[in-house]
Amino acid sequence: KNQNWKKLRKLIQPAFDQAHVRRMSESLLHSVKHLVTNRLHAIAVNGQTFDILPHLQDHGLYMIAQTSLGLSLQQIETTARFLIETMHRAQLLFGTYLFDPMPFFSFHVLPYLGLNPTQLKHKKANANFRAFVKNLYRKEKSRQLKEGGTGNMDNLLSILVNISINDSTFTEGKAIDNICSFMFAGYDTTSVTLANFLYYIGKHPLVQAKIHKEIRTCNNNLSEALVLRSMPYLSAAIRESQRLQPVSPVLQRRTAEPVTVKSTGHIIEKGEVVFVPVCMFHRDPVVYPEPD
């Protein structure tokens, strides 16, 4: 199992090299412009007070759908209701499964006995989404094969199709699993991370002023992607907001071999589940003198 995981990671890793990420960044910047120009600017001009999270969730959907599936903004608009409902149900399905004491019974037995219809709806939504991704995957693979195994490499689907063409061990099922995982993991985390960042700079107007100054004085002759890298204070502020509110407050891992905790001598046996409290580490006063 571990060797299969390592091989899969090795196959997928090139999809996230700097060249591919730079190409994806153009789609991300286009999505940001869409959010600011078409949504937030109109609200700000009217001086309205509003909840920004739904707008950031839509923005997260645009970004993930563009970088994962290669969909245009127009295509995303026509499928937005389906995508949003699917993402929401997938999150509920994962959260319920994670904390269910009897997940197999609750998710694979009760729904089909008519005793857990909500979970059945969630599972059907997930199946419908996988079918949607499979259709896009097969269309892209057909297109690449006709064009000699090359395609537009600015989205994850095209990159994974290209990998599958050149490596028969990377099957359609593995590609679809990874695309779905990437979308489900990235949708809510993207919008919540942005919301947390805006919340913290809203609470600290001096920090916000420094960010505005850095943006105004940056070198506009650089490309948009390079401009973002030339703003260290903005980058530091984003990282600090992520320290205070990490995307994953707790990580879960299963030990592959026995581990001895040096500080206590406690032995964690092979196969045990270990919870890593990231949020506590991020507020350790030994590492961060002013953790809060």
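# Close-up views of a predicted model

**View 1. A salt bridge joins the side chains of Glu 147 and Arg 143.** In this predicted model, the side chains of Glu 147 and Arg 143 form a salt bridge, with a distance of 2.9 Å from N to O. Glu 147 is partly exposed, at a relative accessible area of 46%. Through shared partners, salt bridges link Glu 140, Arg 143 and Glu 147 into one network. In the bridge between Glu 140 and Arg 143, the closest N and O atoms are 2.9 Å apart. These two residues, Glu 140 and Arg 143, are three residues apart in helix H6, so about one helical turn separates them. Is Glu 140 buried or exposed? Glu 140 has a relative accessible area of 11%, and the cut-off for buried is under 20%, so Glu 140 counts as buried. Arg 143 has a relative accessible area of 29% and is partly exposed.

**View 2. Glu 172 and Arg 138 form a salt bridge between two helices.** The side chains of Glu 172 and Arg 138 meet at 2.8 Å, N to O. Glu 172 belongs to helix H8 and Arg 138 to helix H6, so the pair ties together parts that are 34 residues apart in sequence. Glu 172 is partly exposed, with 24% relative accessibility. Arg 138 is also partly exposed, with 48%. For the count of salt bridges, the total comes to six.

**View 3. The largest nonpolar core has 28 residues.** Which residues have the most contacts inside this core? They are Leu 69, Phe 132, Val 133 and Leu 160. Six helices are named as giving two or more residues to the core: helix H1 (2-12), helix H3 (53-69), helix H4 (73-99), helix H6 (117-146), helix H7 (156-166) and helix H8 (172-203). Leaving out residues up to four places away in sequence, Phe 132 touches Leu 69, Leu 71, Thr 79, Phe 82 and Leu 83. Another core lies apart from this one and has eight residues, including Ile 211, Val 227, Met 231 and Ala 237. In soluble globular proteins, nonpolar side chains tend to be buried together.

**View 4. Ser 164 is a buried residue of helix H7.** Its relative accessible area is 7%, so Ser 164 counts as buried. What does Ser 164 touch, not counting residues up to four places away in sequence? The contacts of Ser 164 are Tyr 137, Lys 141 and Phe 170. From C-alpha to C-alpha, Ser 164 and Ala 175 are 7.9 Å apart in space, and they are 11 residues apart in sequence.

**View 5. Ser 191 is a buried residue of helix H8.** The relative accessible area of Ser 191 is 0%, so this residue counts as buried. With residues up to four places away in sequence set aside, Ser 191 touches Leu 53, Leu 56 and Gln 57.

**View 6. Val 250, Val 273 and Phe 275 form a nonpolar patch on the surface.** Together the three residues have about 260 Å² of accessible area. Val 273 lies in strand E4, which covers residues 273-276. Is Val 273 buried or partly exposed? At 35% relative accessibility, Val 273 is partly exposed.

**View 7. Cys 218 is buried, whereas Cys 279 is partly exposed.** Cys 218 has 13% relative accessibility. For Cys 279 the relative accessible area is 31%. How many disulfides does a search of the whole structure find? The search finds zero.

**View 8. The whole chain has 12 helices and four strands.** This last view sets the close-ups in context. The chain has 292 residues, and 34% of them count as buried. About 18500 Å² of the chain is exposed, and carbon and sulfur atoms supply 59% of that area. Where contacts join residues at least 6 apart in sequence, 58% of them are between residues at least 24 apart.

Methods
Residues numbered from 1 in each chain as written. Predicted model: local features only at pLDDT ≥ 70, side-chain atom pairs only at ≥ 80, totals over all residues. Heavy atoms only, no water. Patch = residues over 30% accessible without salt bridge, like charges linked within 9 Å, V, L, I, M, F, W, Y side chains within 5 Å. Areas by Shrake-Rupley, 256 points an atom, 1.4 Å probe, with all protein chains shown as cover. Salt bridge = Lys/Arg side-chain N within 4 Å of Asp/Glu carboxyl O. Buried < 20%, exposed > 50% of the residue type's maximum accessible area, 1.4 Å probe, protein only. Core = buried A, V, L, I, M, F, W, Y, C linked by side-chain atoms within 4.5 Å. Contact = heavy atoms within 4.5 Å. Disulfide = S-S within 2.5 Å.
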